[in-house]
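Hi,

Here is the structure I promised to pass on to you. Have a look at it first, and then read on for my notes.

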Amino acid sequence: MSRLAVLLLVSTILYADTDAPALRLPGTVQPVRYLATLTVVPGQDRFSGDIRIDLQIRRATSVIWLNAKALDLQTGSVHQGSASLPVQFQFAPNDFVAVKTATRLQPGRAQLEIRYSGELSRTLTDGAFQQRQGNDWYVFTKFEPVTARRVFPCFDEPSFKVPWQLTLNIPKDLKAFSNTPQVSEDIGKSETKSVRFAETKPLPSYLVAFAVGPFDVVPTAPIGRNHRPGNIIVPRGRASEAAYAASVTPKLIELLESYFGTPYPYEKLDQIVVPLTTVWGAMENAGLIAFGDFLLSPPQQDSELRRRRRAHTMEHEMSHQWFGDLVTTAWWNDIWLNEAFASWLSSKLLDEWKPEWNIKADAARSINVMRADSLTTARKIRQPIEAPGDIANAFDGITYGKGEAVIGMFENYVGPDAFQNAVRLYLHQHAWGNATAADLLAAIDQISPKSKAGPAFSTFLNQVGFPLISVRQECAAHDSVSPVLHLSQTRFRPAGSTASADQLWQVPVCAVWSDTGGMHRECALLTKASTVLKLAAAQSCPTWLSADARAAGYYAISYQPSMASHLVREGLPRLQPAESAAVLRNVELMFSSGLGNLGQDLEFVGAFSGSGDPGLVRQSAEMVGSVVKFVPEDLRDRYAAWIRSLYQSRARELGWLPRPGESQETRLLRIEIVPLVATRGADSELALQAQKLASEWLQNRSALDSDMVVPVLSTSAWDGDRAFFDQLVTALKESKVQRERLWIADAFTSFRNPALARAALALFFAPGIDPREIERNLFGAPPETRQLVWDFVRQNFHKLNSTLPGARGIPFGARLPLSASGFCDAGHRDEVGAFFQPRIASLPGGARNLANTLEDIRLCAARAEVVRPVVEAFLRKR
């Protein structure tokens with residue numbers, strides 16, 4: 001290499017070291033270990049800190065790049081060898097700060113020390129924040145994905161995974177908790193004490209956590225094979241509400257240890273309750289999992305449904321202690337390795353432990369993820385991270401829901417035992433480190449090389465959308481010749497979609513059918529645009545067939561009309577509950593997308609609504625309720641009559657009040673169909689009953705079963721008057737119980753009276769109301785009030801964006817395009833685009849939400865042109 005070339009290379013490197021990063025830290029300097037001491041006083045708006053970062057200098061440099069946000073960096077120095085160098089701080093966009101030395105640091109070890117201070121927010125629920133309960137103040141943290149930098153100047157990326165040692169100086173009458181056990185507590189002469197925690201195992205910054213306050217502590221039984229200590233940590237006075245969470249914790253860890261084949265990996269398992277959270281509901285901090293208020297419930301207000309939801313979330317977060325904490329994604333494009341696996345495994349294990357909870361069947365009912373994934377603007381599971389806002393966007397239904405479904409599909413294809421062995425291998429190979437999707441797929445292929453699952457899996461990870469499998473059955477004249485299925489695939493495209501039809505996936509298609517020889521199942525990997533699957537196990541021509549055995553497929557299915565009819569009319573009683581749910585999900589997906597035989601789909605609803613399976617009845621009611629967007633005003637009475645003809649008899653039989661000994665499915669059915677019949681079905685008798693019960697509950701909070709409070713209050717608000725509205729506002733202001741306030745807040749979205757709907761929106765800026773508790777009311781408005789919400793968002797955009805806290809590093813305003821996603825006409829699409837386009841550049845993460853919303857509106861308008869005439873004809877015949 002010439003001398004000139006060497007000089008050019010050196011100058012390029014020097015420039016790269018001093019040039020501000022755009023997205024990721026450069027890697028020139030890496031952390032080895034953190035020691036941090038913070039002084040935290042709940043009720044005060046700032047904390048102070050001293051941090052020492054042990055460093056590995058990989059290349060000579062005079063600049064150390066860190067992440068920091070909203071921190072006042074006061075003094076600092078770098079120590080290398082015998083030299084101690086003062087530093088200067090220079091902040092750059094996107095939360096980067098340059099720590100500069102006058103002379104160059106040489107490759108090798110060094111130490112960086114910084115003294116600083118930061119904010120304890122009273123509105124955010126990430127970073128370090130504080131909340132008041134009664135007269136007590138508490139401090140909590142939540143750092144995922146990118147808000148550790150609000151508390152520590154640090155290398156705030158998941159690949160920088162090293163030990164942390166934390167010391168907290170706090171008021172001496174308070175308690176402090178962190179990821180590891182407390183090793184010392186020194187009480188000084190003043191009113192403070194110093195609490196030192198053991199050094200952690202290697203952790204990325206986003207998994208570090210602490211809390212300070214006058215907590216009550218409820219111990220659990222010893223946790224796992226190694227008998228680790230466990231606690232439920234709750235705000236003062238609420239210990240009795242933690243009984244169920246404490247009792248179920250050891251069992252949930254036992255299920256996970258059995259699956260993973262390794263003990264719980266941390267020294268303790270504390271679970272702490274954060275009274276109010278926004279956007280997030282729980283956080284998997286290693287050894288100190290944080291949950292929202294839902295973790296707690298007075299025993300007399302608890303129910304099996306609430307316990308199921310609680311246990312499901314707990315198991316999700318506990319599974320992260322292995323998938324996410326023990327082995328951590330290397331970068332945010334693979335956050336599905338954390339979230340999708342936790343969702344899938346928690347559902348799998350709880351379904352095996354508590355089959356009566358019907359978790360698998362309920363998962364098979366939802367079409368929300370597939371609807372989102374049908375957009376051309378949807379994210380991939382492994383979406384490249386190209387801007388800071390993309391990190392927050394990665395925590396969406398595609399990562400969680402699609403990721404979970406795809407994992408389940410390939411576990412079914414590879415086989416549960418082989419898949420479990422691959423997961424164990426993956427964890428063993430990458431314990432205490434980082435991993436990527438390629439690492440997991442390699443483990444699957446190593447355990448099950450003949451399945452070719454790795455390359456097939458990748459076709460679902462690395463492209464948007466999912467396949468539509470067309471299925472045609474062909475039977476020979478003689479039973480001696482096996483029947484065959486003609487399978488073909490194309491991308492699922494709702495009416496009006498501009499997506500290309502040329503995408504291909506490698507799809508594990510599994511069929512279940514019945515013939516003269518009984519029930520049979522068979523799978524094949526569809527790798528081409530079309531293929532023929534021989535039903536080798538068939539004894540005769542199938543009387544009915546489902547192409548989604550075990551409800552494991554992440555694809556839509558287009559059947560011949562005769563096959564669809566036989567499946568719905570004859571196959572449903574023979575299928576597993578999850579398989580039946582998947583059949584109806586497919587009907588609803590095709591209908592709501594304007595595809596297939598729409599008239600036949602509406603007729604099928606009658607078959608499902610009369611099912612003996614309460615889950616299918618509930619699912620059919622959800623589909624009937626969603627049809628309202630395609631019903632013109634002059635047919636609303638006929639639509640209501642259709643609802644009554646399907647569900648009124650059963651709704652009145654169920655009534656509003658649960659009965660002792662009822663199954664969970666019956667309780668869920670009541671929650672779905674009784675409000676539907678009372679509101680959309682215009683059943684005045686049920687509506688009057690709801691109003692009476694709502695009035696009783698507002699006077700006595702024990703008057704209603706906890707599962708029925710929201711349905712009753714929302715139904716009463718449907719035709720509610722000003723007096724009832726004012727009662728709710730008073731109750732919202734006066735209640736000291738978080739869950740009660742959230743129940744009340746939910747009801748405000750149901751007022752149809754325009755004046756009251758506007759008054760409900762005005763509560764965002766009303767004294768005595770916490771706008772964080774009602775922020776959900778801006779999203780998912782019903783057709784009757786959607787325009788009012790949109791007008792309110794436009795008129796108050798800047799005030800909403802500044803009043804309501806952002807989350808995951810992006811502002812609240814980045815979510816506001818989603819408030820308009822329910823519109824269904826070109827005029828509103830243009831209006832929404834014109835309003836947000838000038839504002840979107842200042843809203844990191846907002847561009848994708850706007851793109852999704854505009855496509856949602858455009859596709860809804862296209863679907864309406866196809867679906868509305870069918871719905872009108874169907875209703876006019878009734």
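Below is what I found, taken sheet by sheet, then the helices, then a loop.

Please keep in mind that this is a predicted model.

Let's start with the open sheet of 10 strands. Its order is β3-β6-β5-β4-β7-β2-β1-β10-β13-β12, and the pairing is mixed. The edges are taken by β3 (61-67) and β12 (182-187); each has a single partner strand, so one side of each is left without a neighbour in the sheet. On average, neighbouring strands here are turned by 20° against each other, with direction ignored. Within this sheet you can follow β1 (residues 29-39) alongside β2 (residues 46-57): the two pair in the antiparallel sense over 10 bridges. To find the register, look at Q30, whose bridge partner in β2 is Q56.

There is also an open sheet of 5 strands, again with mixed pairing. Reading across, the order is β15-β16-β17-β19-β18. Here β15 (216-219) and β18 (282-283) stand at the edges with a single partner strand each, so one side of each has no neighbour in the sheet. β15 runs antiparallel to β16 (residues 230-234), and 4 bridges join them. One handle on that pairing is V218, which has I232 in β16 as its bridge partner. Helix α3 packs on this sheet, where it touches β17 (269-273), β18 and β19 (288-291). The direction of α3 makes about 145° with that of β19.

That brings me to the helix pair. The axes of α2 (residues 243-260) and α3 (residues 304-319) come within 10 Å and cross at roughly 45°, which makes α2 oblique to α3. The crossing is right-handed. On the α2 side, the residues that meet α3 include Y244, V248, L252, L256 and F260; on the α3 side, R307, A311, M314 and M318 are among those that meet α2. The residues of this contact divide into 11 nonpolar, 2 polar and 3 charged.

Finally, a residue further along the chain: is T527 buried or exposed? With 40% relative accessibility, T527 falls between the two and counts as partly exposed. T527 sits in the loop between β25 (518-526) and β26 (530-534). Leaving aside residues up to four places away in sequence, T527 touches Q489, W505 and Q506. Its C-alpha atom is also separated by 6.5 Å from that of V507, a residue 20 places away along the chain.

Happy browsing, and do write back with any questions.

Best wishes

How values were computed:
Residues numbered from 1 in each chain as written. Predicted model: local features only at pLDDT ≥ 70, side-chain atom pairs only at ≥ 80, totals over all residues. Heavy atoms only, no water. Pairing = 2+ DSSP bridges. Axes fitted to C-alpha atoms, helices over the stretch in contact; angles between N-to-C directions. Buried < 20%, exposed > 50% of the residue type's maximum accessible area, 1.4 Å probe, protein only. Contact = heavy atoms within 4.5 Å. Parallel < 35°, antiparallel > 145°, perpendicular 65-115°, else oblique. Left-handed = near helix turned anticlockwise from the far one by under 90°. Nonpolar A, V, L, I, M, F, W, Y, C, P; charged D, E, K, R; others polar.
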